[in-house]
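Opening the notebook on a new model today. I want to go residue by residue and write down what I find.

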Amino acid sequence: MAKLLYAFSCSIDGFLAGPGGDMSWLTPHLHPDPAVDALIPRIGALLVGRRTYDGDDPHRGGPGEGKAFGGGWEGPQFVLTHRPPAPVPGVTFVGDLASAVAAAKEAAGEKYVNVLGADVARQCLEAGLLDEILALPVPVLLGDGVRMFDRPGGGTIELERLRPNWYRVIH
């Protein structure tokens, strides 16, 4: 059965995006990465938050613009939203977390469902649905923006290290 994986690049100070969701900070750091190259064939579906789906693209202006992993991955995408746009080929818009996760897991088969978006990842964690986390730190400090995990009021979530930068969520 598919596992939910929150795999992301972030600044050393823990931001996925700069203020206003700006992803341009990541563009100069996009290059072949053995960890990402090994992960991509293991992804069977994407579970994406609506702000991430509509957001800034670090591949803007390049051949991978508008494509998952800059064109390095193709497959079913499930966007969690309460305001679905017009239909898009290969993208399913789903109104609730449980249905989105179930559909993405079914589509992924034995592969990972890669969660994209800090808010969707937080919702998955709080619902006990997230299985693993892969953090890919980028050598830059942003100082402000969208945190990779933001939980006002706190509350610890225990992780077990599987290998460098890869963790299992302990439920």
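Below are my entries, spot by spot, on what I looked up.

**Entry 1: ground rules.** I'm working with a predicted model, so I keep in mind that side-chain atom pairs count only at pLDDT 80 or more.

**Entry 2: aspartate 13.** I started in the loop between strand 1 (3-11) and strand 2 (15-17), where aspartate 13 sits. Is aspartate 13 buried or exposed? Neither, as I have it: the relative accessibility comes out at 27%, so I put aspartate 13 down as partly exposed. Next I looked at what the side chain does. I found a polar contact of 2.5 Å between the side chains of aspartate 13 and serine 11. A polar atom of the aspartate 13 side chain also lies 3.1 Å from the backbone nitrogen of leucine 142. Leucine 142 turned up again when I pulled the contacts: beyond four places in sequence, aspartate 13 touches Val140, Leu141, Leu142, Gly143 and Arg147. I also checked one long separation, and the C-alpha atoms of aspartate 13 and leucine 97 are 28 Å apart, with the two positions 84 residues apart along the chain.

**Entry 3: alanine 17.** I moved on to strand 2, which holds alanine 17. I file alanine 17 as buried because its relative accessibility is 5%, and the cut-off for buried is under 20%. Which residue 128 places away along the chain did I check against alanine 17? It was glycine 145, and the two C-alpha atoms are 5.5 Å apart. Glycine 145 is also on the contact list of alanine 17, along with Asp22, Met23, Trp25, Leu142, Asp144 and Val146, once neighbours within four places are left aside. I note that Leu142 is a contact of alanine 17 and also of aspartate 13.

**Entry 4: asparagine 114.** This one is in strand 6. I get 0% relative accessibility for asparagine 114, so it goes down as buried. Where does the side chain of asparagine 114 reach? I traced it to the backbone nitrogen of alanine 7, at 3.3 Å. Ala7 is among the contacts of asparagine 114 too, and the others beyond four places in sequence are Leu5, Tyr6, Ile43, Ala45, Leu46, Leu47 and Phe69.

**Entry 5: aromatic pairs.** How many aromatic pairs does the structure hold? I count three. One of them is tyrosine 53 with phenylalanine 93, edge-to-face, 5.5 Å centre to centre and 85° between the planes. That pair links helix 2 (residues 50-54), home of tyrosine 53, to strand 5 (residues 91-94), home of phenylalanine 93, across 40 residues. I have tyrosine 53 as partly exposed at 26%, while phenylalanine 93 is buried at 18%.

Tyrosine 112 and tryptophan 166 make another pair, a tilted one, at 6.1 Å centre to centre and 50° between the planes. Tyrosine 112 is in strand 6 (residues 112-116) and tryptophan 166 in strand 10 (residues 166-169), so the pair ties together parts 54 residues apart in sequence. I marked both tyrosine 112 and tryptophan 166 as buried. I also spotted arginine 163 over the face of tryptophan 166, 4.2 Å from the ring centre.

**Entry 6: second largest pocket.** I get about 150 Å³ of space in the second largest pocket. My lining list reads Tyr6, Phe8, Leu125, Ile133, Ala135, Met148, Phe149, Ile157, Leu159 and Tyr167. Which elements give two or more residues to that lining? Strand 1 and strand 7 (132-138) do. I note that Tyr6 lines this pocket and is in contact with asparagine 114.

Terms used
Residues are numbered from 1 along each chain as its sequence is written. This is a predicted model: local features need pLDDT of at least 70, side-chain atom pairs count only at pLDDT 80 or more; totals for chains, interfaces and linings use all residues. Side-chain values use heavy atoms; hydrogens and water are left out. Helices (H or I, at least four residues) and strands (E, at least two) are DSSP runs, numbered from the N terminus. Buried means under 20% relative accessible area, exposed over 50%, partly exposed in between (1.4 Å probe, protein chains only). Contact means heavy atoms within 4.5 Å. A polar contact is a pair of N or O atoms within 3.5 Å; within protein, one must be able to donate a hydrogen and the other to accept it, and residues adjacent in sequence count only if both atoms are side-chain atoms. Rings of Phe, Tyr and Trp (its six-membered ring) pair if their centres lie within 6.5 Å; planes under 30 degrees apart count as stacked, over 60 as edge-to-face and the rest as tilted. A charge sits over a ring if NZ of Lys or CZ of Arg is within 6 Å of the ring centre and within 35 degrees of the ring normal. On a 1 Å grid over the protein atoms alone, a cavity is a set of points where a 1.4 Å probe fits but cannot get out, and a pocket is an open set with protein on both sides within 12 Å along at least five of seven lines; lining residues have an atom within 4 Å of a point. Grid points are joined across faces, edges and corners, and a volume is the space filled by probe spheres set on the points.
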